[in-house]
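This report follows the chain from its overall make-up to its helices, its core and a few single residues. The sequence and the coordinates are shown here for reference.

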Amino acid sequence: MSNASEGPTPGFLVWRLSMKWRVAVDRAVGPLGLTHAQYSLLGSLLGMQQSGLRPSQRRLADHTGLEPLYVSKLARALESAGLVERTTDPDDTRAVQLSLTEEGRTVALRAVDVVRELLEQQLAPLGGLDGADTEAFVRTVTALLDVPIPGTPAPPKESQKPKAPDQPTKE
């Protein structure tokens, strides 16, 4: 039987870390007129476009882990702000494809730089973006993310996903 004095559970720590990260990103991208969720959409869209993809809202929802309805709402708001273009998929008229406008690309690139700097600060205890402890942390978190939620299909393997622009690369 668990005892509360044994310390926080892994689930509680993951939740606290995700909340801390969300607040930090909201504050960092706020001056650019973005929320964390909007940044997640723009940053992911930028990374996918740089990989030659023009994703549907559904594919972007799968990539970000956001609900499809929320991605649709975010995309409409970003379209109204002139940052995203929404068009009907020529191969599936039920699907909506997303792409960054020129202004959206500019804002996304600035936001990625801001978040990369934030990542460097937040990962300093692990040796920064290039630290060995950060690499181990990324492997651990990836392994946890690869575990399917009961009752849902397994997510695509990390190697099958396009890299988001705020993810460290080995170059």
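The expected span of a helix is 1.5 Å times one less than its number of residues. By that rule the 20 residues of H1 should span 28 Å, and because the end C-alpha atoms of H1 are 28 Å apart, the expected and the modelled values agree. For H4, with 13 residues, the expected span is 18 Å, and the end C-alpha atoms of H4 are likewise 18 Å apart, which agrees.

The model is a predicted one. Its mean pLDDT is 88 over the chain, with 86% of the residues reaching 70 or more. Confidence in the chain is lowest in S2, at a mean of 92, and highest in H5, where the mean is 97. Where pLDDT is low, the predicted coordinates should not be read in detail.

**Overall make-up**

The secondary structure consists of 6 helices and 2 strands, and from the N terminus on these elements follow the order α-α-α-α-β-β-α-α. The chain has 171 residues, of which 31% count as buried. Among the contacts with a separation of 6 or more, 50% are made by residues 24 or more positions apart.

**Core**

In soluble globular proteins, nonpolar side chains tend to be buried together. In this model the largest nonpolar core has 25 residues, and those with the most contacts inside it are Val29, Leu34, Tyr39, Leu42, Leu78, Val84 and Leu100. At least two residues of this core come from each of helix H1 (10-29), helix H2 (36-50), H3, helix H4 (68-80), strand S2 (92-100) and helix H5 (102-122).

**Buried faces of three helices**

The buried residues of H1, H3 and H4 are set out below, ahead of the arcs that they cover.

| Helix | Buried residues |
|---|---|
| H1 | Ala24, Val25 and Val29 |
| H3 | Gln57, Leu60, Ala61 and His63 |
| H4 | Val71, Ser72, Leu74, Ala75 and Leu78 |

In H1, where Ala24, Val25 and Val29 are buried, these residues cover an arc of only 110 degrees around the axis, which puts them on the same side of H1. The elements that cover the buried residues of H1 include H2 and H5.

In H3, Gln57, Leu60, Ala61 and His63 are buried, and because they cover an arc of only 165 degrees around the axis, they lie on the same side of H3. The buried residues of H3 pack against H2, H4, strand S1 (84-89) and S2. Glycine 65 follows H3, and its phi is positive, near 85 degrees.

In H4, the buried residues are Val71, Ser72, Leu74, Ala75 and Leu78; seen down the axis of H4, they fall within an arc of 170 degrees, so they line one face of the helix. On the other side of H4, Leu69, Lys73 and Ser80 are exposed, while the buried residues of H4 pack against H2, H3, S1 and S2. H4 is followed by glycine 82, whose phi is also positive, with a value near 80 degrees.

**Single residues**

Glutamine 57 belongs to helix H3 (residues 57-64). With a relative accessible area of 11%, which is under the 20% cut-off, glutamine 57 counts as buried. The side chain of glutamine 57 makes a polar contact, at 3.0 Å, with the side chain of arginine 86. Residues up to four places away in sequence aside, glutamine 57 touches Val71, Ser72, Ala75, Arg86, Val96 and Leu98, and of these Val71, Ser72 and Ala75 are among the buried residues of H4.

A second glutamine, glutamine 38, is found in helix H2. Glutamine 38 counts as buried because its relative accessibility is 14%, and the cut-off for a buried residue is under 20%. Apart from neighbours within four places in sequence, glutamine 38 is in contact with Gly33, Leu74, Ala77 and Leu78. Leu74 and Leu78 are among the buried residues of H4, and Leu78 is also one of the residues with the most contacts inside the largest nonpolar core.

Alanine 124 has its place in the loop between H5 and helix H6 (132-145). The relative accessible area of alanine 124 is 49%, and therefore alanine 124 is partly exposed, since exposed would require over 50%. Alanine 124 and threonine 134 are 10 residues apart in sequence, and their C-alpha atoms are 9.0 Å apart in space.

Note on methods: Residues are numbered from 1 along each chain as its sequence is written. Side-chain values use heavy atoms; hydrogens and water are left out. Helices (H or I, at least four residues) and strands (E, at least two) are DSSP runs, numbered from the N terminus. Buried means under 20% relative accessible area, exposed over 50%, partly exposed in between (1.4 Å probe, protein chains only). A polar contact is a pair of N or O atoms within 3.5 Å; within protein, one must be able to donate a hydrogen and the other to accept it, and residues adjacent in sequence count only if both atoms are side-chain atoms. Contact means heavy atoms within 4.5 Å. A nonpolar core is a set of buried Ala, Val, Leu, Ile, Met, Phe, Trp, Tyr and Cys residues joined through side-chain atoms within 4.5 Å. pLDDT is the predictor's confidence in each residue, from 0 to 100. The arc is that of the directions from the helix axis to the C-beta atoms.
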